[in-house]
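Thank you all for coming. I would like to walk you through one model today, taking a few local features in turn and then stepping back to the whole chain.

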Amino acid sequence: MPSRRSLALPLSALLVFLFTLLSSPLLRAAPADDLLRLHQLRLAAQKSLGDFYMYNGMEGDQRYARMIGESMQRAQGHLDALEQMPGDASRALQGQLRSTWQSYRDGLQGLMDAMRSQGFTDLQPVADLADNNQRLMAISQELYQKIQQESGQSVPPLTQKSREQSLLMQSISVDYASRSASVGTSFFGGGEERAMDELVGEFASKLDSLSAAQQNTPQITAALGSIETKWRYIEKSLRNYNENTVPFLVSKYSDSIIEGLEGVSAQYAANQQ
C-alpha cells in the first residue's frame, strides 16, 4: 500500500501543473487588456478636446459640456484600470502618462470654468491645451508600443489597423471641430488645408484596405459597409471644410463611425483567439 508521502508528491505536481495552466492565460491576457484600455483612453482623451472645441464654438452649449465630462470620465476610468506594467520602461511611461493627464485635465477644467464665468476663453490657454493633448497622445502611444515590447505580445495586425483607423477618425473630427470653433485659427497656421486633405485621403484608402481583407467575416463585411456609408456622407464636407462647415454633423457621424470601427476591432480580436 503506497504511503501518504508517495501520494502527496503526484498531488503536489498536479497542483503546480493546474496553477500554471490556469494562470498562464490570465497572464497572457493582462497585456492585451491593458493595450485595449490604453487605446480607449487615447480615443476618450482626443474626443474630450474635440468636445471642447464644439463647446466653445457653440458658445457654451451644455450638451457638449456633458459630453466633455463623459469623455473625461471614460479616460480616467481606463487610466485607473491599467494593471501592473511588464517592465521598468513601461512603468516609467505610465507615471508620465498620469502626470500629463492630470495637467491636461486641470487645463481643460480651467477653460470650462472660464467659459462659464466670462463666456469666452483666451487663446493661449486653448493652444496650451492642444499641446498638452498632443503630449498625452505621444506618451500613450509610446507606452502602447513599450507594453508590446516588454511583454513580448503584439496586437494582431487587423485589430491594430482598425484601432488606428478609429484614432485617425477621431483626429479628423478634432481637427474639423477646431477649425469651426472661434479658437481654431489661434494655433493652426498655413498649410493645414493640405494636411486635412491628406488625412481624409488616408482614411478613405485605409478603409478600402480593411474592407478588402481576406479574413473578413460576413459580419465584419457588413459592419465595414455601414461605416463606409457614413463616411461617404461626411467625406465631401471634410474635403471642403472651408465652405459651409457642418461641425455638428461631422461630430455626430464621426462618433458613429468610431463606434463601428471599435466593434470591428473587437471582432478581429475575438477571431484571433
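Let me begin with a single side chain, that of R179, which is partly exposed because its relative accessible area is 23%, above the 20% under which a residue would count as buried. Please bear in mind throughout that this is a predicted model. R179 forms a salt bridge with D175, and the closest N and O atoms of that pair are 2.8 Å apart. Its partner D175 has a relative accessible area of 8%, so D175 is buried. Both residues belong to helix 5, which covers residues 157–180, and they sit four residues apart, about one turn of the helix.

A second pair has a similar description, this time in helix 6, residues 192–211, where K206 and E202 are again four residues apart, about one turn of the helix. The side chains of K206 and E202 meet in a salt bridge, with 2.8 Å from N to O. Here K206 counts as partly exposed, at 35% relative accessibility, and E202, at 32%, counts as partly exposed too.

A third pair joins R63 to D61, and in this salt bridge the closest N and O atoms are 3.3 Å apart. R63 counts as partly exposed at 37% relative accessibility, and D61 is likewise partly exposed, at 23%.

How many salt bridges does the structure hold? The count is 13, and beyond the pairs I have described there is a network of salt bridges that links D208, E228, R232, E235 and R239.

That network brings me to helix 7, where E235 is one of the buried residues, together with I220, L224, I227, W231, I234 and L238. So E235 is a residue that is buried in helix 7 and also takes part in the salt-bridge network, with burial meaning under 20% relative accessible area. Helix 7 also has a kink of about 35 degrees, centred on Y233. What, then, is the end-to-end span of the helix? Helix 7 runs over residues 218–239, and at 1.5 Å a residue its 22 residues should span 32 Å, whereas the end C-alpha atoms are 31 Å apart, which agrees with that expectation.

Turning from side chains to empty space, a search of the whole structure finds one cavity of 30 Å³ or more, and the volume of the largest cavity is about 50 Å³. Which residues line the largest cavity? They are K47, G50, D51, M54, Q170, S173, V174, A177, S251 and D255. At least two of the lining residues are supplied by each of helix 1 (4–57), helix 5 and helix 8 (247–272), so that helix 5, where we met the R179 and D175 pair, returns here as part of the cavity wall. By character, the lining divides into three nonpolar, four polar and three charged residues.

Finally, the chain as a whole. The secondary structure comes to eight helices and zero strands, and the order of elements from the N terminus on is α-α-α-α-α-α-α-α. Of the 273 residues in the protein, buried residues make up 41%. I am happy to return to any of these features in the discussion.

Conventions. Residues numbered from 1 in each chain as written. Predicted model: local features only at pLDDT ≥ 70, side-chain atom pairs only at ≥ 80, totals over all residues. Heavy atoms only, no water. Expected span 1.5 Å × (residues − 1). Bend = angle between axes of the 7 residues up to and from the residue. Buried < 20%, exposed > 50% of the residue type's maximum accessible area, 1.4 Å probe, protein only. Salt bridge = Lys/Arg side-chain N within 4 Å of Asp/Glu carboxyl O. 1 Å grid on protein atoms, 1.4 Å probe; cavity = no way out; pocket = protein on both sides within 12 Å on 5 of 7 lines; lining within 4 Å. Points joined across faces, edges and corners; volume = space filled by probe spheres on them. Nonpolar A, V, L, I, M, F, W, Y, C, P; charged D, E, K, R; others polar.
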